[in-house]
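Open the structure in your viewer and keep the selection tool at hand. We will go stop by stop.

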Amino acid sequence: MTVAASASRAAEILSRPVSLGGLTVPNRIAMAPMTRMFSPGGVPGEDVVSYYARRAAAGVGLIVTEGTYVGHESAGQSDRVPRFHGEEQLAGWAKVAEAVHAAGGTIVPQLWHIGMVRNQGEPPVADAPAVGPSGLRLGATEPTGKAMTQADIDAVIGAFAEAAAAAERIGFDGVELHGAHGYLLDQFLWEGTNRRTDAYGGDRVARAKLSEEIVAAVRETVSADFPIIFRYSQWKQEAYRARLAETPEELESILTPLAAAGVDAFHASTRRYWVPEFEDSDLNLAGWTKKLTGKPAITVGSVGLDGGDFLKSFQGEGAEVGDLDNLLDRFERDEFDMVAVGRALLQDPQWARKVLDGRFDELAPYDAAAALKTLS
Ligand SMILES: Cc1cc2nc3c(=O)[nH]c(=O)nc-3n(C[C@H](O)[C@H](O)[C@H](O)COP(=O)(O)O)c2cc1C
């Protein structure tokens, strides 16, 4: 296929609208959630409004915001990461949602609790302990934090539900629950950090119980057609090779209760979207997620990181690399429903527009230093 043919195929496939629960997203491109520290006091200001609005105006169909803390004293540890509670903070977020809508996009906040990753003494609540399923940091054998009591669990569930209610009230299009990368919900899902012997620990189904209860509480709090996206990963921030599930059956045992509790779409976080998840199948993690749950799935991982990736497929290196034709083939097989793009969209706010217009020749090679400048 020529570059021009590939570009027009990308434009055609990625321009199709898609439904996630009750939400219609105008095209298949999502912005992946990326933590930023530009919100002093947890309040997103005008610069945050324009950061997201620019990308929506340039064709991103669905923005998943940077992780934003739910209203629990131990949820975070930075005073510059935005919070999703408090009057001033929510007023700031309302302006973000309004501007994204005015630009033609849709937007969900990524609701976040970091759990045991927190260091005590840090803001926003300095004396709040780090909390987690067993008070264990990933890889540790001795607790350094607090094993959550039932009261702590109830408080966290309530904080997620309140944040979701706020999201609906101030005009967001849905919520994404951050169940990935080694933070609180993933600390429960992962056997290495969850040693509980009560109903929240044990097999995979028990370890998924906190996530399941949060989904159910959110579902009960928001309107029936207000979408809940659940993001999860096999890998963790501090353990790229960790796996929650070694087989499709194991994965199914985690995802089925979450889908039943009210998840409308899953966001399966992988670092490279073209890597098959299990043996004997080419399906990636999002592909398996959709197949096992019947829910829409969002894929992610190294899309568009190098302008050269687009060209490699024309030089016969096809399936081994993350070229866009590989992605489009998977879309055509209905393996997943949307693609999230992270770093490429940091570097080039116009990335989605160029791809949707078939202007591959204007895509610049990825430059990490330039991209990451937008984050600090
Ligand atoms: C700077 C940075 C911050 C990130 N912060 C978050 C986050 O807050 N929540 C999350 O779920 N993933 C986060 N991620 C992961 C991204 O959402 C995405 O999955 C990852 O970057 C792979 O996509 P990409 O290859 O298109 O960049 C972050 C990634 C980067 C590079």
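This tour of a predicted model goes from a strand and its partners to the ligand.

**Stop 1: strand E12.** Select residues 338-341, which make up strand E12. Show the side chains. Are they buried or exposed? Met338 and Ala340 point to one side, and both are buried. Val339 and Val341 take the other side, and they are buried too. Both faces of E12 are therefore covered, where buried means under 20% relative accessible area. In a regular strand, side chains alternate between the two faces of the sheet.

**Stop 2: the partners of E12.** Add residues 29-31, strand E3. E3 runs parallel to E12, and three bridges join them. Look for alanine 30: its bridge partner in E12 is alanine 340. Now add residues 297-300, strand E11. This strand is also parallel to E12, again with three bridges. Which residue of E12 is the bridge partner of valine 300? Alanine 340 is the partner of valine 300, as it is of alanine 30.

**Stop 3: the ligand.** Select the ligand, which sits in the largest pocket. Then show the 17 residues around the ligand. Those that come nearest are Pro33, Thr35, Arg231, Ser302 and Arg343.

**Stop 4: polar atoms at the ligand.** Start with threonine 35: a side-chain N or O atom is 2.6 Å from an oxygen atom of the ligand. Move to arginine 231, where the corresponding distance to a ligand oxygen is 2.7 Å. Finish with arginine 343, which has a polar side-chain atom 2.7 Å from an oxygen atom of the ligand. How much of the ligand does the protein bury? Taken alone, the ligand exposes 610 Å², and the protein buries 85% of that.

Conventions. Residues numbered from 1 in each chain as written. Predicted model: local features only at pLDDT ≥ 70, side-chain atom pairs only at ≥ 80, totals over all residues. Heavy atoms only, no water. Buried < 20%, exposed > 50% of the residue type's maximum accessible area, 1.4 Å probe, protein only. Helix = DSSP H or I, 4+ residues; strand = E, 2+ residues; numbered from the N terminus. Pairing = 2+ DSSP bridges. Near = heavy atom within 4 Å. Polar contact = N/O pair within 3.5 Å; in protein donor to acceptor, adjacent residues only side chain to side chain. Areas by Shrake-Rupley, 256 points an atom, 1.4 Å probe, with all protein chains shown as cover. 1 Å grid on protein atoms, 1.4 Å probe; cavity = no way out; pocket = protein on both sides within 12 Å on 5 of 7 lines; lining within 4 Å. Sits in = over half its atoms within 2 Å of the grid points.
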